[in-house]
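Got your viewer open? Let's take a slow walk through this model, one selection at a time.

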Amino acid sequence: MELLSNLALGLETALTPVNLLYCFFGVFLGTLIGVLPGIGALAAISMLFPITFHLEPTTALIMLAGIYYGTAYGGSTASILLNIPGGTSSAVTCLDGYPMAKQGRAGVALAMTAIGSFYGGVYGIIVLSLFAPAIASWALAFGSAEYFAMMVLGLIAASAISDGSVVKGLTMVVLGILLATVGMDPQSGTARFTFGSLSVLDGLSISALAMGLFGVAEIIASVRLTDAVKVDPKAFSYRTLMPTRDDVRRSWGPMFRASTIGSLFGALPGTGPSVASFVSYAVEKRISKEPERFGKGAIEGVVAPETANNAADQTAFIPTLSLGIPGSATMALMIGALMVHGIHPGPNLVAEQPKLFWGLVMSFWIGNVLLVILNLPLIGLWVRLLSVPYHLLYPAILMFICIGAYSVQYSAFDVMVVFGFGLLGYLMRIFGMPPAPLLLGFVLGPLIEEHFRRAMILARGDFSAVIERPITGSILAVTLLILIWSLWSGWRVGKRRRARAHLMEQED
Amino acid sequence: MNTINLRELTGGLLTAGLGAAFAIYAVAHYSVGTVTRMGPGMAPVVLGALLTLFGIVIAIGARWSPRRAGQIRVYVPAVILGCVVAFAALINPFGLMPAIFVSVVIATFAEGTVRPLVSIVLGLVLCLTAWAIFVVALQLPLTLFKWPL
């Protein structure tokens, strides 16, 4: 009955007034940001990252996590009411959600989404609390070589499966690791790439990096291009929030299947809520007896992706908390928040920090309940928020970024680091380089270097001895397969695209 | 017809140059060590070399990659980044309020149309918001005003 006592400890931690308050802040901000177009979860979490320096690590993580899964709820609102996805993971929801809204069934769509999201979230939490401790105890036997291999797998999978060019993803991972070497080398005490400056001796600040890459660069790309949406809250008829018996009957199956699909894709490195929502929509359409209803307001097409992305949001914490290996850039920021407080995420975390782990898990329950309460009655408020013009919004975001960066160490230098990464982020956008792998590389870089050096010392410099370890060898083999597969499929897509471009030129 | 995608080529070459710069600087200044006992220079050299290699691959790939749309903007990034620099420059000598006001006013210029009244009102409102959130609610020890002279 260890699980029960752990759950009780977690509930006790999550229910302290401070944690409850920040959980509420988190899901509230998450919903807000999910609804607002032109600002994503990653930008939001990096903006609020500096606040976490002043909080207890558990409270900090509860808030950041709340923002993360809160955006999934908020994103669906924008998708259903406006046909504008608040985030990539809600993009599929537009397909059937918007037609439902046009038929005057927006209320039903939103209600079923909230129920589906809640079910998916709860399913994900259960999977998380069963699997994370088990995986962690299995991974306790890992040595440096296994860690090195796991991290390489995580990095390659995340950069290869994400959209866009594989080579560019890998390039950004390498650049991220390289940028992480700036500062004092922990093993020799040598100051690397500091150019005599004392400000960077501790390395570049992760919050400044994230705010520059995701906040400032995002604003540069959106100014003058993001139009405020004109919504009349009264234009949507909420004839009823109550789904009909038919709606409920149609939704049970999709909810169950989607939460399983979501939990699986959430936990795998590289995939995440977006992939989960796409796959579960495709599955529902494939097995449906009436696939022609999809795209015209089928309730299954709304419930399935929203259930899946919420389940995936929760299970994404499995590799993050049990192995210390983030599967996405958002999870890398969670790891970063822990490291700021001197907690090294890894298989020891669950056993050594039971309050943190179980408190976080139980806060997910509370957060999901809060989200249902926040979303259903307050929909009118969220819809009105959509019409805040972007030209008033972005200066405020910039102000928060600047103050946030400054407040970490009260150093103007950190604000200049934001400037540097804002510039780099914009250049990367011009050249089509994805920023998320860079952040992953930056967070995992120091750990990879440390474990690789240690593994090589233990193996007396013989790399083949490292590969011959069974777990290390098989993980690296899987990594190689993923790499080859993604390069090959990338080449095939490129060939098809070129052929199409060629055809279009001939037609002109 | 195949034309070299100039943007891809530039991106690749810049990446390769950056990698080479890191690697060369590391070789010149830090001890690389041996494979068994790696020095602080080992990781930067290897990573810099990898970056150079990837950069070259991207540059070569420019020969086949399709042209992508999307203009390069100069004015908007200059203003937004200028706003961040202004904040960094003003916060220590003048304090929080002037830094916020000036950087917010600069940021509003990115819209293209200059509306002085909107800029000033927004600047003042955000000063007040920042004071309420960071000084009153979060109680961060921030200096509001300072006069260096």
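## Stop 1: all of chain A

Start by selecting chain A and colouring it by secondary structure: there are 22 helices and 2 strands to find. Keep in mind as you look around that this is a predicted model.

Now zoom out until the whole chain fits on the screen. Along the principal axes, the C-alpha atoms of chain A fill a box of roughly 70 × 70 × 45 Å. How does the radius of gyration of chain A fit with that of a compact globule? For 508 residues, such a globule would come out near 23 Å, and chain A has 23 Å, so the two agree.

Try a surface view next. Chain A exposes about 19800 Å², and 66% of that is supplied by carbon and sulfur atoms. As for what is hidden, 60% of its 508 residues count as buried.

Then switch on contacts. Among those in chain A with a separation of 6 or more, 79% are between residues 24 or more positions apart. If you colour by charge, you'll be looking at 30 positive and 28 negative side chains, with the centres of the two sets 9 Å apart.

## Stop 2: Ser363(A)

Select Ser363(A) and you land in helix H16 of chain A, which covers residues 354-375. Is this serine, Ser363(A), buried or exposed? The relative accessible area of Ser363(A) is 1%, and buried means under 20%, so it counts as buried.

Who is around it? Show Ala14(A), Cys23(A), Ile62(A) and Tyr69(A): Ser363(A) touches these four, leaving out residues up to four places away in sequence.

## Stop 3: Leu323(A)

Next, hop to Leu323(A). You'll find it in a loop of chain A, between helix H13 (317-322) and helix H14 (329-340). Leu323(A) is a buried residue, with a relative accessible area of 10%.

Light up its surroundings. Not counting neighbours within four places in sequence, the contacts of Leu323(A) include Ile135(A), Ala139(A), Tyr147(A) and Met150(A). Also in contact with Leu323(A) are Ile318(A), Pro345(A), Gly346(A) and Pro347(A).

Here's one to try with the distance tool: pick the C-alpha atoms of Leu323(A) and Val478(A). These two residues are 155 apart in sequence, and their C-alpha atoms are 17 Å apart in space.

## Stop 4: Tyr410(A)

One more stop in chain A. Tyr410(A) is in the loop that runs between helix H18 (390-409) and helix H19 (412-430). What is there to notice about its backbone? Tyr410(A) has a positive phi of about 50°, although it is not a glycine. Most residues other than glycine have a negative phi.

Check the surface here too. The relative accessibility of Tyr410(A) is 30%, so it falls between the 20% and 50% cut-offs and counts as partly exposed.

## Stop 5: all of chain B

Hide chain A for now and select chain B. Its secondary structure comes to 5 helices and 0 strands, so to trace it along the sequence, follow the pattern α-α-α-α-α. 

Along its principal axes, the C-alpha trace of chain B spans about 55 × 50 × 30 Å. What radius of gyration does chain B have? It has 24 Å, whereas a compact globule of 149 residues would have one near 15 Å.

Colour the two domains in separate shades: the domain assignment gives domain 1 as 6-61 and domain 2 as 75-137. Taken over C-alpha atoms, the centres of domain 1 and domain 2 of chain B are separated by 38 Å.

Bring back the surface view. Chain B has an accessible surface of about 7800 Å², with 75% of it belonging to carbon and sulfur atoms. Of its 149 residues, 42% count as buried. Among contacts in chain B between residues at least 6 apart in sequence, 63% join residues at least 24 apart.

## Stop 6: Ala86(B) and Met97(B)

Select Ala86(B), in helix H3 (residues 75-94) of chain B. Ala86(B) is buried, with a relative accessible area of 12%. From there, draw a line to Val105(B): the two are 19 residues apart in sequence and 10 Å apart in space, C-alpha to C-alpha.

Finish at Met97(B), in helix H4 (residues 96-108) of chain B. Met97(B) is buried too, at 10% relative accessible area. Leaving aside neighbours within four places in sequence, Met97(B) is in contact with Cys127(B), Trp131(B), Leu144(B) and Phe145(B).

For a last distance, go from Met97(B) to Leu9(B): they are 88 residues apart along the chain, and 44 Å separates their C-alpha atoms.

Definitions and conventions. Residues numbered from 1 in each chain as written. Chains lettered and ligands numbered in written order. Predicted model: local features only at pLDDT ≥ 70, side-chain atom pairs only at ≥ 80, totals over all residues. Heavy atoms only, no water. Domains from an automatic or database assignment. Helix = DSSP H or I, 4+ residues; strand = E, 2+ residues; numbered from the N terminus. Rg over C-alpha atoms; globule rule 2.2 N^0.38 Å. Buried < 20%, exposed > 50% of the residue type's maximum accessible area, 1.4 Å probe, protein only. Contact = heavy atoms within 4.5 Å. Areas by Shrake-Rupley, 256 points an atom, 1.4 Å probe, with all protein chains shown as cover. Lys, Arg positive; Asp, Glu negative; His and termini not counted. Charge placed at Lys NZ, Arg CZ, Asp CG, Glu CD.
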